[in-house]
Amino acid sequence: MSDRGFAAQLAEDLSPQDLRHVLAVFRTDVERLTGTLTQALQAADEARFRRAAHGLAGAAGAVGADDLEQACRRAMTGAHPMPGAMLEIDASAQVALGDLAAFINRLDAAT
Amino acid sequence: MTGTAARVLVVEDTPTQAQLARAFLAGLGHQVEIVESAGAALVAARDWNPDAILLDIDLPDYNGFELMQRLGAEGIRTSVIVVTANASINTAVEAMRAGAVDFIVKPYAKARLAVTLANVLEKQALVAQLATVKARLDREQFFGFIGASVPMQAAYRTIESVAASKASVFITGESGTGKELAAEAVHRASPRAGRNFVALNCGAIPRDLLESEVFGHVRGAFTGASADREGAAKLADGGTLFLDEIGEMPLEMQVKLLRFVQTGTYSPVGSSRVERVDVRFVCATNRDPMLEVQAGRFREDLYYRLYVVPVELPPLRARGEDVLMIARHFLIQFAREEKRGFTGYSAVAEQALAQYSWPGNVRQLQNVVRNIVVLHDGDRVEHDMIPQTVRRGAASFPDERPIAERPIAERPIAERRAVDRPVFDADAPQAAPRLVRPDAAPEEEGTEVVPLAVMERRLILAALRQTGQDVPRAAALLEINPSTVYRKLQNWRAEGLLPAG
């Protein structure tokens, strides 16, 4: 699903109704899991941080948000300190949500 | 399962992944349940009985590998497809070792999931089909039959194949091989199973009553016909009419039966009214029906009407391991009925049973086991508990000659039609088969007055002759317990009134 742009494969595989539903769930996942990451960072809870990063990586991979997925996977390895990883995930999450909004706009315009 | 809706359990704790899987699977026509933890997956696998599980490895409570172990430990054989973000060979190998049937790497397209799931479900369907076919080929029980030998498997297959049609079935086999069981199996496996199975023993009914038994009669048709009475043909309407010992049917009755078989119509005795019924015919004989035709004792046209699908039941001596399988079955059954502790046979006892030629076939084996259970008790049956007849017979080599080539005296009891004497009553006079009617009035004239004990012995031996030495049936006719018959026989042998064994 990589290298094809945000939600490109999903648009081929799903009906518009299912596509909108999955993307809505993705938005909720991003908001919930970035919140969890922030809480884990504040509590210095590395295990919880990695677990939330794992969940967000899976959600991002499913919709083709490749940069966000890679940022989460790097965070899962523990190679970078949590604050730096959080900044990277946050930035990628904002881009992914922007891509999502643009995709939905195109979808609305097409229907 | 291929091409039809399957039940797929998705075990995934990331909602985006879970909803994506749901959308893909629902789009493929499958039913989907989603759970977010391994514990919930175990409960759903038990309760919902999914055809396949789409399993994420990283779960909040315990991982997917452990879940597979727990599923296996509980005997849940659902096909598991592991879904992992880690595409390494190690993960794949570990998943397959843990019991997964395939794995998919995240993120995956709908087409990939569709192919993987279709392959898994097709394999599952093939395994189920194989198990069904294997079960059919290796059956140890079939309706009332017990036995897994090759000739019995052939008989089971023939019965199963013919059951759905209306074709007449002709069952042959020595006495005691289970011809009535086979007839019942044909009926019970057929679409007629919900209607009557009516069995009529042509050899046990006096010839002047046979027509009335088959076709019924109207009031006044003959002396004693005080009311209209339906015959077996009417009772079997929509069901199956089993004519046992068809070879004993008088020729004049064969003409009437032929007309009935050809037209499905008949007239009750004493009536000109024509009745039409829908009956499936199953016949049986322990004689060679073609030889009976050649000898002029059985009409050729009736033979060809009835001998449509032959079912040949093998003698017990040709059924190998079935002897012990049946002996064990009867032992458990009779021990329960007689409140005995028997659970099996000693090796020597089994050897004796296996080596004996069982001329009376399953019925004789049944009687021998009943005899053992009634007269003894213990945990297992020992060699000396087995009747002498069997022990003596087992000690000599079995006669491999075809029955027809043996002298009459050396033929199995069932084959000695002219000298059909019981094993334990070699000197008793032969009584003609009689129809026993529980409500019949006692004879008042011409009854010989003898000591009650003599009369009791005569009656019991006569009942045994009439039932082909089937002790439970004889006891049922006499309305006494089979144990009583066995004990009487043992006492009479001890008193020298019967040959030993």
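This is a tour of a two-chain model, stop by stop.

**Before you start**

The model is predicted: local features need pLDDT of at least 70, side-chain atom pairs count only at pLDDT 80 or more, and totals for chains, interfaces and linings use all residues. Residues are numbered from 1 along each chain as its sequence is written, while chains are lettered from A and ligands numbered from 1 in the order in which they are written.

**Stop 1: chain A**

Select chain A and show it as a cartoon. Chain A has 5 helices and 0 strands. Helices (H or I, at least four residues) and strands (E, at least two) are DSSP runs, numbered from the N terminus. Along the sequence, the pattern of chain A reads α-α-α-α-α.

How much of chain A is buried? Buried residues make up 40% of its 111 residues. A residue is buried if 20 or more other C-beta atoms lie within 10 Å of its own, exposed if 12 or fewer, and partly exposed in between; the C-beta atoms are placed from the backbone.

Now think about contacts. Two residues are in contact if their C-beta atoms, placed from the backbone, lie within 7 Å. Take the contacts in chain A with a separation of 6 or more: residues 24 or more positions apart account for 60% of them.

**Stop 2: two helices in chain A**

Select residues 16-42 of chain A, helix H2. Add residues 82-110, helix H5 of chain A. Two packed helices are described by the angle between their axes and the distance between the axes. Here the axes come within 11 Å and cross at roughly 160°. Axes are lines fitted to C-alpha atoms, for helices over the stretch in contact, and angles run from 0 to 180 degrees between N-to-C directions.

That angle makes H2(A) roughly antiparallel to H5(A). The cut-offs: angles under 35 degrees count as roughly parallel, over 145 as roughly antiparallel, 65 to 115 as roughly perpendicular, and the rest as oblique.

Show side chains at this contact. From H2(A), they include A:Leu23, A:Phe26, A:Val30 and A:Leu37. From H5(A), they include A:Met86, A:Ile89, A:Leu97 and A:Leu100. By class, the contact of H2(A) with H5(A) has 16 nonpolar, 2 polar and 2 charged residues. Ala, Val, Leu, Ile, Met, Phe, Trp, Tyr, Cys and Pro count as nonpolar, Asp, Glu, Lys and Arg as charged, and the others, Gly among them, as polar.

**Stop 3: where the chains meet**

Bring chain B into view. The contact between the chains takes 18 residues from chain A and 15 residues from chain B. On the side of chain A that touches chain B, helix H1 (8-13), H2 and helix H3 (46-63) each give two or more residues. Which element gives the largest share? H3(A) does, with 8 residues. This side of chain A divides into 9 nonpolar, 6 polar and 3 charged residues.

Now select H2(A) again, with helix H1 (residues 15-27) of chain B. They pack at about 170°, with their axes 8 Å apart. H2(A) and H1(B) are therefore roughly antiparallel to each other. Among the residues in contact are A:His21, A:Val25 and A:Phe26 of H2(A), and B:Gln19, B:Leu20 and B:Ala23 of H1(B). This contact has 6 nonpolar, 3 polar and 2 charged residues.

**Stop 4: the sheet in chain B**

Colour the strands of chain B. An open sheet of 5 strands runs in the order S2-S1-S3-S4-S5, with parallel pairing. Strands pair if DSSP finds at least two bridges between them. The edge strands are S2 (31-35) and S5 (102-105), each pairing on one side only. From one strand to the next, the twist averages 20°.

Zoom in on strand S4 (residues 79-84), joined to S5(B) by 4 bridges. B:Val82 has B:Phe103 of S5(B) as its bridge partner.

Two helices lie across S1, S2 and S3 of chain B. H1(B) does so at about 170° to S2(B). Helix H2 (residues 38-48) of chain B does so at about 170° to S1(B).

**Stop 5: unusual backbone**

Most residues other than glycine have a negative phi, and most peptide bonds are trans.

- Select B:Lys106 and B:Pro107: a cis peptide bond joins them, with omega about -10°. B:Pro107 lies in the loop between S5 and helix H5 (110-137) of chain B.
- Select B:Asn49, with a positive phi of about 50°. B:Asn49 sits in the loop between H2 and S3 of chain B.
- Select B:Trp358, whose phi is also positive, near 50°. Its loop is between helix H14 (347-355) and helix H15 (361-375) of chain B.

Is B:Asn49 buried or exposed? B:Asn49 counts as exposed, because it has 11 C-beta neighbours inside 10 Å. B:Trp358 is buried, with 25 other C-beta atoms within 10 Å.
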